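New to this one? Here is a short tour of its pockets, its cavity and its packed interior.

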Amino acid sequence: MAARADLDAVRAVANAFIASISAELREISLQIHAHPEEGFSEVFAHRLITEYLARKPQVQVAPSKDKALVTAFVATYDHSASRAGANHGQDAVTTIGFCSEYDALPMGHACGHNLIAISGIGAFLTAAHLAEIFDLPVRLKLFGTPGEEGQGGKINMINAGDFADVDFAMMLHPGNIDLAHPTYLAAQHLDVEYFGKEAHAAASPWDGINALDAVVTAFNAIAHLRQQILPTDRIHGVITHGGAAPNIIPAYTRAEIMVRSERQDHLQENLFPRVLACLESGVAATGCTMKTGTTPAYADVVTNVPMTDVYAHELLVQIGVDVGDPHEQRSVSRGSTDMGNVCYVVPSIHNVFDTGCKAEIHSEEFLAHAKTQEAHDKTLQRVACLVMVAYSLMTDADLRSRARAEFAKVPKPKTK
Ligand SMILES: [Zn+2]
């Protein structure tokens with residue numbers, strides 16, 4: 001095995017390459033920001049990105065194996081045949097995956113997925129450039145993962161087998177802080193409908209079955225449950241249909257609820273059944289019937305520590321950012337992401353970075369900031385750090401085995 005190239009030399013090559021594609025990435029980012037599309041309808045962004053990638057030498061662009069997922073893609077750069085250089089202790093060629101997201105919120109790109117899009121593209125193309133320059137036998141993939149804001153595109157892609165031949169996966173998410181150990185909760189979306197019977201609310205209320213009382217009972221039961229749950233658990237919801245008129249006993253009500261927990265096994269085995277029991281209390285109290293529905297659950301993000309340690313080290317070395325104590329970083333919950341599901345099938349990191357915005361994501365301030373030059377520049381600085389994680393995985397057998405050993409401790413997913 002030949003020695004790894006001097007890391008400073010690798011960083012210099014990576015940063016020079018990133019600078020060379022910065023203007024192209026800026027254009028893609030601005031266009032996506034100006035054409036916000038919600039989950040699974042990201043037609044403009046999908047075409048923009050795939051056409052750009054298809055123009056790059058040796059990059060193959062294919063659809064997802066899930067044919068229904070028309071705004072997903074899988075781009076591949078295959079340097080596995082080039083074994084002229086050292087194979088860096090690989091038994092089989094290492095495959096590294098990056099993720100790009102490009103769906104918007106109803107309010108636009110207030111989650112900065114235009115920046116996620118270019119961070120994935122930038123990391124993928126730069127890692128490919130390093131593989132070329134340093135002659136590394138490696139396979140790189142960029143996953144275009146639609147519908148992160150609730151639809152769970154990555155879950156469909158996992159189920160279809162898109163991630164089956166990937167050894168390690170990584171992505172970045174913009175924010176107002178740098179985190180190498182972010183906490184993203186497992187989340188289950190739930191909708192509930194109660195069916196009762198209409199009646200005149202003054203003349204003959206005894207003839208009715210009150211669906212509003214059912215949903216109110218359920219929400220009260222959830223409020224009681226909240227006192228006995230873990231500090232990291234979350235239950236929150238809205239009543240979307242509460243009845244038609246005050247003089248009619250409501251025959252139909254509907255609510256949407258989200259249940260979140262630090263770990264997906266606790267969510268599925270403990271918290272979710274207890275919330276269901278609360279919903280059933282509405283049935284017992286009123287005599288309504290009930291129908292519930294769920295969408296695929298988001299798993300919590302399980303950060304691969306050996307991988308994220310490389311990222312944190314690069315933040316310090318390259319841009320002087322010290323992310324600090326891992327426990328402190330984990331104390332702030334960031335919401336939920338379908339990258340959590342990827343963490344359960346392959347060693348992964350999903351790191352948050354500071355775009356220079358004072359406000360949190362999903363705000364008008366962040367929406368405006370996501371298209372600034374400052375946010376762009378800070379995104380590419382973090383891309384240079386993420387690429388060094390990929391380079392280290394390509395060239396460091398010890399890192400690969402430590403990352404795999406840590407992943408082996410992650411419980412296997414029980415959800416579909
Ligand atoms: Zn997001």
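## The biggest pocket

Let's start with two strands: β6 (186–195) and β8 (252–261) each contribute at least two residues to the lining of the largest pocket. Of these and the other contributors, β6 gives the largest share, with three residues. Keep in mind that you're looking at a predicted model.

The largest pocket holds about 500 Å³ of space. Its lining is made up of 20 residues, and Glu149, Gly150, Met258, Arg260 and Ser336 are the closest to the centre. Sorted by class, the lining has nine polar, seven nonpolar and four charged residues.

Where does the largest pocket lie relative to domain 1 and domain 2? Domain 1 (7–184 + 301–408) and domain 2 (186–294) both give residues to the lining, so the pocket lies between them.

## The runner-up

Next comes the second largest pocket, with a volume of about 210 Å³. One part of its lining is the run His181, Pro182, Thr183 and Tyr184, and Glu262 and Arg263 also take part. The rest of the lining is Asp300, Val301, Val302, Thr303, Val305 and Arg330.

What's the mix of classes here? The lining of the second largest pocket splits into five nonpolar, four charged and three polar residues.

## A closed space

How many cavities of 30 Å³ or more turn up in the whole structure? Just one. The largest cavity has about 40 Å³ of space in it.

Val302, Thr303 and Asn304 help line this cavity, along with Cys343, Val346, Pro347 and Ser348, plus Glu406, Phe407 and Val410. Val302 and Thr303 may ring a bell, as they also line the second largest pocket. By class, the cavity lining has six nonpolar residues, three polar and one charged.

## What's packed inside

Now for the interior. The largest nonpolar core has 60 residues, and those with the most contacts inside it are Leu53, Ile96, Phe98, Phe124, Leu140, Met170 and Tyr311. Which helix gives the most to this core? That's α11 (residues 373–395), with twelve residues.

Met170 is a good one to zoom in on. Setting aside neighbours within four places in sequence, Met170 is in contact with Ile96, Gly97, Phe98 and Cys99. On the same terms, Met170 also touches Met307, Met339, Ile349, Leu386, Val389, Ala390 and Leu393.

There's a second, separate core too, with 23 residues, including Tyr194, Val259, Val275 and Cys288.

Note on methods. Residues numbered from 1 in each chain as written. Predicted model: local features only at pLDDT ≥ 70, side-chain atom pairs only at ≥ 80, totals over all residues. Heavy atoms only, no water. Core = buried A, V, L, I, M, F, W, Y, C linked by side-chain atoms within 4.5 Å. Buried < 20%, exposed > 50% of the residue type's maximum accessible area, 1.4 Å probe, protein only. Helix = DSSP H or I, 4+ residues; strand = E, 2+ residues; numbered from the N terminus. Contact = heavy atoms within 4.5 Å. 1 Å grid on protein atoms, 1.4 Å probe; cavity = no way out; pocket = protein on both sides within 12 Å on 5 of 7 lines; lining within 4 Å. Points joined across faces, edges and corners; volume = space filled by probe spheres on them. Nonpolar A, V, L, I, M, F, W, Y, C, P; charged D, E, K, R; others polar. Domains from an automatic or database assignment.
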